[in-house]
Amino acid sequence: MKLAPLRLKLAPLRPLLCACLLWACAPSGGSSGPNVTPPEVPGANVLALTVNAGPAQNSVDTAFTTVTICAPGTSSCQTISGIVVDTGSYGLRLFASQVSVNLPAETSGGSTVVECAYFASFTTWGPMKTAALTLGSEPAVNVPVQIMNDPNFPAPTSSQCSASSPPAACQCVNSAPNPTIATSAQQIGSNGILGVGVFTNDCPLCTTAPGSGAPGYYLCPSSNVSGCAVAPVPANEQAQNPVALLPTDNNGVIVDLPAIAATGAESVAGSLILGINTQTNNALGSATIYTLDSSGEMTTSYDGTNYTSFIDSGSNGLFFPDSSIPQCSSDPGWYCPSSTQSLSAVNTGTNGATGTVMFNIANATTLFDSGYTAFNDIGGNLSGLFDWGLPFFFGRQVFFGIAGQNPSLSGSAGFYAY
Amino acid sequence: MKALLLSPKISFARSRLSSAALLAILASVLCSYHSAWGRLGENAASIETDRQQLSGQIQTYAGTGFNVSEITAPDGTTVREYVAPDGTVFAVAWRGSRAPNLSSLLGNYYGEYRDAAVQGPFALHHSSVKTAHIMVETGGPMRALWGRAIVPSLVPSGVNPDVIK
């Protein structure tokens with residue numbers, strides 16, 4: 001096991017030096033220097049993004065932002081930083097340990113609404129509470145938020161699940177794709193997850209056909225998970241993409257990260273811009289729209305094979321199958337070619353729009369050893385999908401249109417555009 | 001294993017199995033042979049139990065050197081079970097908006113998978129877990145989960161694992 005590389009701390013002059021370099025040499029969004037900080041996009045509909053090691057100091061290629069939550073109808077508010085911006089999910093999820101304001105729980109008939117939601121290698125369990133959420137300088141909106149690892153609603157333990165009569169909840173009854181419940185920022189690398197992808201809520205099936213697996217909603221009469229029962233939950237009480245609830249700028253987002261060098265950057269500043277074609281700062285311009293299927297996916301052709309694919313700010317690399325690229329010996333799963341591979345793939349939307357993407361895969365171990373946290377050329381092996389993670393985003397604006405909110409651009413479908 | 005969580009990458013971090021983890025895996029493999037009713041590594045008759053659990057419809061078709069039983073649940077989730085000529089299920093793959101029950105699909109291999117998976121690293125939309133006997137991958141945006149599990153030692157000779165998806 002290698003220890004985390006030491007991060008080089010240069011003299012405090014460096015920010016000044018970098019700012020000078022960027023403004024003087026690359027005013028449109030520079031691509032050199034360890035800290036890449038383009039001019040901020042102005043506007044009430046903008047949240048600052050930072051790609052860095054994050055609150056757990058263990059992340060690469062992860063974009064973080066800050067949100068403000070208040071107890072609805074009060075001036076009791078707080079800001080929470082270190083929230084990962086995830087275009088691959090829908091809704092805001094916060095660790096209970098980060099939430100100090102008193103948020104009311106969603107209830108039904110005296111029971112609390114609790115969700116089991118899945119991510120690829122962990123499951124989130126916790127009650128739904130209502131927060132007045134402020135994104136950027138937009139008006140606050142009341143939104144159901146999942147509170148993860150709430151001590152008042154503990155998740156079923158593995159020993160409870162393996163008992164002779166396990167609780168009928170979450171990973172006990174219909175295993176999530178993984179056996180891990182998210183418990184801390186140190187574990188998953190963030191204080192919370194801001195899901196701002198192409199749908200408005202996280203479980204359409206749960207409105208009419210509640211399932212006992214993940215995702216699934218439960219009514220829990222008490223803190224004892226054994227009393228929880230699966231239940232239908234209306235879409236507007238589920239975890240909600242909060243962007244769709246805004247009075248304006250509610251049809252999608254733009255993830256805007258500057259170009260960086262092939263050797264990476266120590267940190268990168270960017271913007272999450274709310275709305276598409278609603279303000280002067282969020283025009284679609286000449287970007288091509290790729291409409292998506294009912295799962296929020298498109299098709300990518302790579303090396304002669306078509307894969308279901310998605311563009312995801314929540315993935316910290318480009319993940320796709322290529323058995324010809326060596327994998328790293330000390331970083332399992334990542335690609336470690338001896339020299340940088342120049343590759344290409346073709347994306348196709350359900351609208352027939354098609355375009356070639358050129359990309360590079362460099363040696364991940366070499367790049368990680370730099371101690372930098374932002375890379376446009378790291379990737380790893382995933383067999384059945386093509387996952388355009390954060391390396392795809394550097395140097396281009398990527399638009400995510402919410403399904404049903406963009407009739408003139410994409411009909412009822414969600415879309416990506418870039 | 002705590003050091004794993006301190007590694008610099010949120011996913012695919014520099015994980016190596018410690019001797020403690022290997023022992024845990026070994027123990028779980030030895031113990032689990034007496035518990036769960038299995039799928040992966042079991043004979044094809046076990047597929048019917050999965051079909052019942054998913055309340056699904058089943059279709060079978062032939063690949064080159066193997067057969068596939070595809071179960072479609074009412075919610076649209078599909079589970080494909082790959083069956084070798086000797087009748088052994090050597091791989092499963094799934095796609096849908098809801099996760100299938102891995103503890104039953106992976107059968108006797110679930111414990112080994114679980115003990116490795118809980119060590120991390122953890123990621124939102126892609127995951128790859130390899131142990132001594134099984135490879136499990138999952139990924140996709142929320143509402144569109146894909147995954148597959150393969151027992152490499154059971155893949156019939158001449159079958160390219162790339163066909164399992």
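# A guided tour of chains A and B

Begin with chain A, whose domain assignment gives domain 1 (44-245) and domain 2 (277-417). The model is predicted. Colour the two domains separately: their centres, taken over C-alpha atoms, are separated by 25 Å. Next, display the residues at which the domains meet. On the domain 1 side, 23 residues of chain A are in contact with 27 residues of domain 2 of chain A. Strand β4 (residues 77-86) of chain A supplies the largest share of that domain 1 side, namely 3 residues. Sorted by class, the side of domain 1 of chain A that touches domain 2 comprises 11 nonpolar, 10 polar and 2 charged residues.

Now select A:Gly317. This residue is located in the loop that runs between β17 (305-311) and β18 (318-319) of chain A. Is A:Gly317 buried or exposed? A:Gly317 has 29 C-beta neighbours inside 10 Å and therefore counts as buried. To see what surrounds this glycine, add its contacts, leaving aside neighbours within four places in sequence: A:Asp61, A:Ile378, A:Gly379, A:Gly380, A:Gly389 and A:Pro391. A distance label may also be drawn from A:Gly317 to A:Phe375; the two are 58 residues apart in sequence, and their C-alpha atoms are 8.4 Å apart in space.

Turn next to chain B, and show it as a cartoon. Chain B contains 5 helices and 7 strands, and along the sequence these elements follow the pattern α-α-α-β-β-β-β-α-α-β-β-β. Of the 165 residues in chain B, 52% are buried. Among the contacts in chain B between residues at least 6 apart in sequence, 50% join residues at least 24 apart.

Select the strands of chain B. They include an open sheet of 7 strands with antiparallel pairing, in the order β1-β2-β3-β4-β7-β6-β5. Which strands stand at the edges of this sheet? The edges are formed by β1 (57-62) and β5 (126-130) of chain B; each has a single partner strand, so one side of each is left without a neighbour in the sheet. On average, neighbouring strands of this sheet are turned by 10° against each other, direction ignored.

Within the sheet, zoom in on strands β6 (residues 135-139) and β7 (residues 145-150) of chain B. These strands run antiparallel and are joined by 5 bridges. One position to label is B:Gly139, whose bridge partner in β7(B) is B:Trp146.

The last stop is helix α3 (residues 46-54) of chain B. The helix lies across β1, β2 (67-72), β3 (78-83) and β4 (89-96) of chain B, and runs at about 15° to β2(B). Show the side chains of B:Ile47, B:Asp50 and B:Leu54, which are buried in α3(B). Viewed down the axis of α3(B), the buried residues fall within an arc of 55°, so they line one face of the helix. An α-helix has 3.6 residues a turn, so residues three or four places apart point the same way. The buried residues of α3(B) pack against β2, β3 and α4 (102-105) of chain B. Rotate to the face of α3(B) turned away from the buried side, where the exposed residues B:Glu48 and B:Gln52 are found. Finally, select B:Ser55, just after α3(B), which takes a positive phi of about 50°.

Methods
Residues numbered from 1 in each chain as written. Chains lettered and ligands numbered in written order. Predicted model: local features only at pLDDT ≥ 70, side-chain atom pairs only at ≥ 80, totals over all residues. Pairing = 2+ DSSP bridges. Helix = DSSP H or I, 4+ residues; strand = E, 2+ residues; numbered from the N terminus. Axes fitted to C-alpha atoms, helices over the stretch in contact; angles between N-to-C directions. Contact = placed C-beta atoms within 7 Å. Buried ≥ 20, exposed ≤ 12 C-beta atoms within 10 Å, placed from the backbone. Arc of directions from axis to C-beta. Domains from an automatic or database assignment. Nonpolar A, V, L, I, M, F, W, Y, C, P; charged D, E, K, R; others polar.
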